[in-house]
Amino acid sequence: MLATDFERTSDNMENGSVTIQLPVAEQSRLNRERADTYHRYHIDATETENRQKFPRRFNVKVGKFGLAKLLAKEFFKYFGHWDVVFSRPCTYGVFSGPVGGFAPRPDLCVGCLRCEVQHPEFVKVTHNPDLAALGDSYLTSKHISTIDEEARKGSVPVRGQGYRGRFGGPGFDQMFTDMSEIVRPSRDGIHGRELIGTSVDLGSKPMRLKFAADGGLLDAPKMMTIQVPFFYAPPPNSISTGIVPEILSEAAEIVDTLVFLPETTVTSQGLAGPNVVPIIAPGQIGNIESHGNGTRMVEMSSWNLDAWNQVKEHPLLVSIQLPFAGDWMSTLIEMVDNGVSIIHLVSDHHGEAEDGRFVMELYQEAHFALVEKGCRDEVTLIGTGGVAGADHLPKSIITGMDAVGLDHPLLISMQARLLGDTKTRGAAGVKLPSNFDKEWGVQRILNLSCSWRDQLLEILGAMGVREVRRLRGETGRAMWCGHLEAEAFGDIEGFPGGEQ
Ligand code: SF4
């Protein structure tokens, strides 16, 4: 198109700007092109069946003599209606096998207890100890069965019976999110017309823009964007090489997030790429040059000023791990003062620091320390540890994280059983299903990612927040169970901390 095809519609003599109006046909062509190439971010979930049987929820024990007596009675009462006779006393089919209740099918039991209430003399329904034995005191069998369902279906689990858990408890259960927004402009964003953004930036944004004399931008931000506010943390040492890192790398690429892996794994398995973050020891930080193939970021496994000085001007982003141990706050401030732009806070798998404090408290301390220092946007805080359910993501972000690492839930989604020390980071033994392949593993991770992102969208929509970046540090949008209880019951004699 020639320059003369454009219409010069207005000149602003004060600032010298000129508005060019394109011809209508050209405008609509550009709009159409833009609309045709628009891609709404989405993770493809596909139902992916379990590779090993998941323990059932209940065991059903039936006294044969009592059942025979009932059947004899009903045989005459409902003579000819054999489906009725053999379905009793369960409408879910537990007693509807070839020989009825004499060989019950407990896999179908939903635990409604109708049978036990109606026939306490010969039916007993109990929790399956095999299911209860999964997990540990933090990542419980309930978390595991929920993750298993999310990784299988890729959807938001819906129980349809209301919430039956307790309202408040330890860890992330201390926090209630504020879903009481009456006007919720972004409610449609989950599946409808308006977009709710889940992308986050990693790196440093300047606190103000500075321009050169020619109008060009000085100090352009050094950062990258990932599409979801979570990333994949490295697998435990026992499976840090082999098929699991390959699965995580492929899933990270599809989701457009990051996976953190030991540098030796990245090199030996040829996994370097834009979505893989090699973890490098400070003594080997010179290896940063060797990671090509589009690598965008590396992580230094601990703070070391000399090593940082070697790489701080490097074009790749560099994050630095900071465990919640010792005087971690002084180290964090030292890192910030030396220009570190991405700090990766790490707790154990129960979300606890060395002194036993929980990550929600520690994340707030880190976040508000940077707010007070006036440099919060110059530093990205990411945190790993203690995330066992979809609601833990927004709760970590509300307490101040920009993005959150997933660790054990990724393994649970691949039906791994964790053995031994499941609290210390990286120490757990892992037993993967025997008939396990890469394609299946990738899809299970994608399903979990899709389900957790959808649940994040539900919370953002219900809060009226239109992008997850705005949720960071929004503690005003959350309530703490302990605070509410103290407010409501503090004056009552005998309440802990209340009047005596
Ligand atoms: S508890 Fe309910 S679902 Fe389970 S066997 Fe009894 S009646 Fe059937």
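1. A residue is called buried here if 20 or more other C-beta atoms lie within 10 Å of its own, exposed if 12 or fewer, and partly exposed in between. Helix α1, residues 24-37, is a good place to try this out: the count of buried residues among its 14 residues is 0, so by this definition α1 is hardly covered. Its length holds no surprise, as the 14 residues reach 20 Å from the first C-alpha to the last, close to the 20 Å expected at 1.5 Å a residue.

2. Please keep in mind throughout that this is a predicted model. The mean pLDDT of the protein chain is 88, and 90% of its residues reach 70 or more. Over residues 1-18, though, the pLDDT is below 50, and this stretch has 12 contacts in the model beyond near neighbours in sequence. I would ask you to read those contacts with that value beside them.

3. Now for the whole chain. The C-alpha atoms fill a box of roughly 100 × 65 × 60 Å along the principal axes, and the secondary structure comes to 15 helices and 20 strands. Of the 500 residues, 34% count as buried. Among contacts with a separation of 6 or more, 60% are between residues 24 or more positions apart.

4. How far apart are the C-alpha centres of domain 1 and domain 2? The domain assignment places domain 1 at 58-131 and domain 2 at 177-484, and their C-alpha centres lie 49 Å apart. One pair of residues to look at alongside this is C112 and G242: they are 130 residues apart along the chain, and their C-alpha atoms are separated by 44 Å.

5. The ligand deserves a look of its own. Its surroundings are V60, C90, Y92, V94, C109, V110, G111, C112, L113, R114, C115 and V125. Sorted by class, this shell has 10 nonpolar residues, 1 polar and 1 charged.

6. Two members of that shell, C112 and L113, can be taken together. C112 is found in the loop between α3 (82-87) and α4 (114-118), and L113 lies in the loop between α3 and α4 as well. C112 is partly exposed because it has 14 other C-beta atoms within 10 Å; L113, with 13 such atoms, is also partly exposed. The backbone of L113 is worth checking on your screen, since its phi is positive, about 70°, although L113 is not a glycine.

7. Helix α6 covers residues 141-153, and its 13 residues reach 18 Å from first C-alpha to last, close to the 18 Å expected at 1.5 Å a residue. Which residues of α6 are buried? They are I144, I147, D148, E150, A151 and R152, and they pack against α13 and α14. After the helix comes G154, with a positive phi near 75°.

8. Helix α7, residues 243-255, also has a regular length: at 1.5 Å a residue its 13 residues should span 18 Å, and the end C-alpha atoms are 18 Å apart, so the two values agree. Its buried residues are V244, P245, I247, L248, S249, E250, A251, A252 and V255. What covers them includes the strands β10 (230-232), β11 (259-262) and β12 (276-280), together with the helices α8 (263-268), α13 (408-413) and α14 (438-463). Just after α7, D256 takes a positive phi of about 60°.

9. Is L471 buried or exposed? With 23 C-beta neighbours inside 10 Å, L471 counts as buried, because the cut-off is 20 or more. This leucine lies in the loop between α14 and β20 (478-480). Leaving aside neighbours within four places in sequence, L471 is in contact with P394, I397, I398, L460 and V465. P394 is 77 residues away along the chain, yet the C-alpha atoms of L471 and P394 are separated by 7.8 Å.

10. A last loop residue to compare with L471 is N293, in the loop between β12 and β13 (297-300). N293 counts as exposed, because it has 11 C-beta neighbours inside 10 Å. Its phi is near 55°, a positive value in a residue other than glycine.

Key: Residues are numbered from 1 along each chain as its sequence is written. This is a predicted model: local features need pLDDT of at least 70, side-chain atom pairs count only at pLDDT 80 or more; totals for chains, interfaces and linings use all residues. A residue is near a molecule or strand if its C-beta atom, placed from the backbone, lies within 6 Å of it. Ala, Val, Leu, Ile, Met, Phe, Trp, Tyr, Cys and Pro count as nonpolar, Asp, Glu, Lys and Arg as charged, and the others, Gly among them, as polar. Helices (H or I, at least four residues) and strands (E, at least two) are DSSP runs, numbered from the N terminus. The expected span of a helix is 1.5 Å times one less than its number of residues. Domain bounds come from an automatic or database domain assignment. Two residues are in contact if their C-beta atoms, placed from the backbone, lie within 7 Å. pLDDT is the predictor's confidence in each residue, from 0 to 100.
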